[in-house]
Amino acid sequence: QVQLGESGGGLVQTGGSLGLSCAASGRTQNTYTMGWFRQAPGKEREFVAAIRSRGGHIYYADSVKGRFTLSRGNAKNTVYLQMNSLKPEDTAIYYCARRESSVIVSAIQSPQMYHYWGQGTQVTVSS
């Protein structure tokens, strides 16, 4: 089993910035896919960003490109999502997700491809 611990989030005004961290522990593998999804009230869970450990490629949803940056943290099995120029439509519960293998690029935005999930952290952007 793998456990994901999230931190960060909170309340910010439009145009502000926030950062989210996620650390994986337990039976982690060297090859993995790890990233973030979000879910707003009444909406489906949607992809935000992810990194594949093999090659270090990072993928973003079109809605966050140029505003959000996903990076690997200094600690092993940690990722950090820096969110800039936040908009009210970014308001959601953000979930860290991970799979202990490489997800194929064509499916990387699918929640079903991820085996482990964090408890979620609220991000609220006021207008």
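The following legends describe an overview and several close-up views of a predicted model.

**Figure 1. Overview of the 127-residue protein.** The predicted model holds 11 strands and zero helices. Read from the N terminus, the order of elements is β-β-β-β-β-β-β-β-β-β-β. The radius of gyration is 14 Å, close to the 14 Å given by the globule rule for 127 residues, so the protein is as compact as a globular protein of that length. Along the principal axes, the C-alpha atoms occupy a box of roughly 40 × 30 × 25 Å. Buried residues account for 43% of the chain. Of the contacts with a separation of 6 or more, 60% are between residues 24 or more positions apart.

**Figure 2. Surface and charge of the protein.** The accessible surface is about 6400 Å², and carbon and sulfur atoms contribute 46% of this area. The side chains include 13 positive and 7 negative ones. The centres of these two sets are 9 Å apart.

**Figure 3. The disulfide between Cys 22 and Cys 96.** One disulfide is found in a search of the whole structure. The sulfur atoms of Cys 22 and Cys 96 are 2.0 Å from each other. This pair connects distant parts of the chain, with Cys 22 in strand β3 (residues 18-26) and Cys 96 in strand β9 (residues 92-99), 74 residues apart. The torsion about the S-S bond is about -90 degrees, so the disulfide is left-handed. Both Cys 22 and Cys 96 are buried.

**Figure 4. Surroundings of Glu 6 in strand β1.** Strand β1 covers residues 2-8 and includes Glu 6. Is Glu 6 buried or exposed? Its relative accessibility is 12%, and the cut-off for a buried residue is under 20%, so Glu 6 counts as buried. Beyond residues up to four places away in sequence, Glu 6 touches both cysteines of the disulfide, Cys 22 and Cys 96. Its other contacts are Ser 21, Trp 36, Tyr 94, Tyr 95, Gly 118, Gln 119, Gly 120 and Thr 121. Glu 6 and Ser 21 lie 15 residues apart in sequence, with 5.6 Å between their C-alpha atoms.

**Figure 5. Glu 44 in the loop between β4 and β5.** This loop follows β4 (33-39) and leads to β5 (46-52). Glu 44 has a relative accessible area of 70% and is exposed. Apart from neighbours within four places in sequence, Glu 44 is in contact with Arg 38 and Gln 39. Arg 72 is 28 residues from Glu 44 along the chain, and the two C-alpha atoms are separated by 26 Å.

**Figure 6. Asn 77 and Ser 85, two residues with positive phi.** Most residues other than glycine have a negative phi. Asn 77 has phi near 65 degrees and is placed in the loop between β7 (68-72) and β8 (78-83). With a relative accessible area of 9%, Asn 77 is buried. Ser 85 also is not a glycine, and its phi is about 50 degrees. The loop between β8 and β9 contains Ser 85. At a relative accessible area of 40%, Ser 85 is partly exposed.

**Figure 7. Lys 87 in the loop between β8 and β9.** Lys 87 is partly exposed, with 34% relative accessibility. Which residues does Lys 87 touch, not counting residues up to four places away in sequence? They are Arg 67 and Val 125. Val 12 is 75 residues from Lys 87 in sequence, while the distance in space is 9.4 Å from C-alpha to C-alpha.

**Figure 8. Tyr 114 in the loop between β9 and β10.** The strand β10 at the end of this loop consists of residues 116-117. Tyr 114 has 4% relative accessibility and counts as buried. Leaving aside neighbours within four places in sequence, Tyr 114 is in contact with Thr 33, Phe 37, Phe 47, Ala 50, Ala 97, Arg 98, Arg 99 and Ile 108. The C-alpha atom of Tyr 114 is separated by 16 Å from that of Ile 58, a residue 56 positions away along the chain.

Key: Residues numbered from 1 in each chain as written. Predicted model: local features only at pLDDT ≥ 70, side-chain atom pairs only at ≥ 80, totals over all residues. Heavy atoms only, no water. Helix = DSSP H or I, 4+ residues; strand = E, 2+ residues; numbered from the N terminus. Rg over C-alpha atoms; globule rule 2.2 N^0.38 Å. Buried < 20%, exposed > 50% of the residue type's maximum accessible area, 1.4 Å probe, protein only. Contact = heavy atoms within 4.5 Å. Areas by Shrake-Rupley, 256 points an atom, 1.4 Å probe, with all protein chains shown as cover. Lys, Arg positive; Asp, Glu negative; His and termini not counted. Charge placed at Lys NZ, Arg CZ, Asp CG, Glu CD. Disulfide = S-S within 2.5 Å.
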